[in-house]
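Here's a walk through one fold, strand by strand and then loop by loop. Keep the viewer open as you read.

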Amino acid sequence: MSSPIEPELAVPFTVVEPSDQTVPLVFNAPHAGAVYPQSFVDGARLDPLALRRSEDAYVDALFAGMGALGAPMLVARFPRAYLDVNREPYELDPRMFDGRLPPYANTRSLRVAGGLGTIPRIVGDGQEIYPGKLPVAEAMRRIEWLYKPYHRALRQIVMRTQRRFGSVLLVDCHSMPSSSVTRDENSRADIVIGDRFGTSCAAATSDRVAQSFERLGYRVARNRPYAGGFITEHYGEPAAGRHALQVEINRSLYMDERTMQRTEGFARLASDITEVFSLIAETAGTDLTERRLAAE
């Protein structure tokens, strides 16, 4: 078998732990990774800047204040263009690979059809990543050495938090291209809150997050165009005391989408995010526990 993983990804993700976890919140940044293996860059048909079009750039930095609130955060170091952990483990496009995929692979999902499976075929603006096919073994290698350890770590943090506090809220942190929301400036969303249309998180918690952003002047949408991906769906089980909420942030608020550089809006947005989740942290223990008891 080929080597486990590229040396640049010897540490594939980081867990930012508070000195003491004091709130039932867990934050996750699965698409913020910006460590691009040289072999991946060399083998792509795109230049390094184009490869970054799928990256939720700087989202981990936007949420850096969560540790001070007493909440842990898991951050991927590998880029989404290389492997997407917000997918099923084997959501794979057979057209991408030389060889036969395992029979349990999901080859027919809408995400696979769109080129954005576990091993993406395209970057965010629709450009093809690879000049030719990849060996099936390469997909299996990335899944074994990156995808599975990442989800083991995330599940451990979520379950540890629930054991300590009785309930847990997982906040899945993302950013979205401004062009993916709407071209109409009057109806543009700054923030999209996704709770799988009420199935992954208590409505009161989703409402509180949305309203907190709105009070700070942000335009907030719910579940459209982003209701939450695999992580929100897979980890959100409100009746069992596990809530998951996806937060999508319009990139134009904090970065130049063409150059991928931060803008002056970054500092204010980071401060506002910390303020919003500081408010959520104050009531999360009571809110989540009450919702669980009501469900029981």
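Start with His-174: its bridge partner in β9 is Glu-248. Just along from there, Met-176 has Asn-250 of β9 as its bridge partner. These pairs belong to a longer run, with β6 (residues 168-176) and β9 pairing in the parallel sense over 9 bridges. Here two strands count as paired if DSSP finds at least two bridges between them, while the strands themselves are DSSP runs (E, at least two residues) and the helices are runs of H or I with at least four residues, all numbered from the N terminus.

Before going on, a word on the source: this is a predicted model, where local features need pLDDT of at least 70, side-chain atom pairs count only at pLDDT 80 or more, and totals for chains, interfaces and linings use all residues. Residues are numbered from 1 along each chain as its sequence is written, and side-chain values use heavy atoms, leaving out hydrogens and water.

Glu-248 also has Val-192 standing opposite. That comes from β7 (residues 191-194), which pairs with β9 in the antiparallel sense over 4 bridges. So how buried is β9? For residues 242-250, 9 of the 9 are buried, so β9 is largely enclosed by the rest of the structure. (Buried means under 20% relative accessible area, exposed is over 50% and partly exposed is in between, with a 1.4 Å probe and protein chains only.) In a regular strand the side chains alternate between the two faces of the sheet. In β9, Arg-242, Ala-244, Gln-246, Glu-248 and Asn-250 point one way, and His-243, Leu-245, Val-247 and Ile-249 point the other.

Zoom out and you get an open sheet of 7 strands with mixed pairing, in the order β1-β3-β2-β6-β9-β7-β8. At the edges stand β1 (13-16) and β8 (220-222), each with a single partner strand, so one side of each has no neighbour in the sheet. From one strand to the next the twist averages 20°. Helix α6 (residues 203-215) lies across β6, β7, β8 and β9, and runs at about 160° to β8. (Axes are lines fitted to C-alpha atoms, for helices over the stretch in contact, with angles from 0 to 180 degrees between N-to-C directions; contact means heavy atoms within 4.5 Å.)

Now for the loops. Arg-53 sits between α2 (48-51) and α3 (59-62). Val-123 is 70 residues away from Arg-53 in sequence, yet the two are 5.8 Å apart in space, C-alpha to C-alpha. Leaving aside neighbours within four places in sequence, the contacts of Arg-53 include Val-123, Asp-125, Glu-257 and Met-260. The Arg-53 side chain also reaches the backbone oxygen of Arg-258 at 3.2 Å.

Most residues other than glycine have a negative phi, and most peptide bonds are trans. A few spots here are worth a look on that score:

| Residue | Backbone value | Place |
|---|---|---|
| Tyr-58 | phi near 70° | loop between α2 and α3 |
| Met-260 | phi about 65° | loop between β10 (255-256) and β11 (261-262) |
| Pro-225 | cis bond from Arg-224, omega near 5° | loop between β8 and α7 (230-235) |

Tyr-58 is buried, with a relative accessible area of 19%. Met-260 is buried too, at 3%.

Note on methods: Polar contact = N/O pair within 3.5 Å; in protein donor to acceptor, adjacent residues only side chain to side chain.
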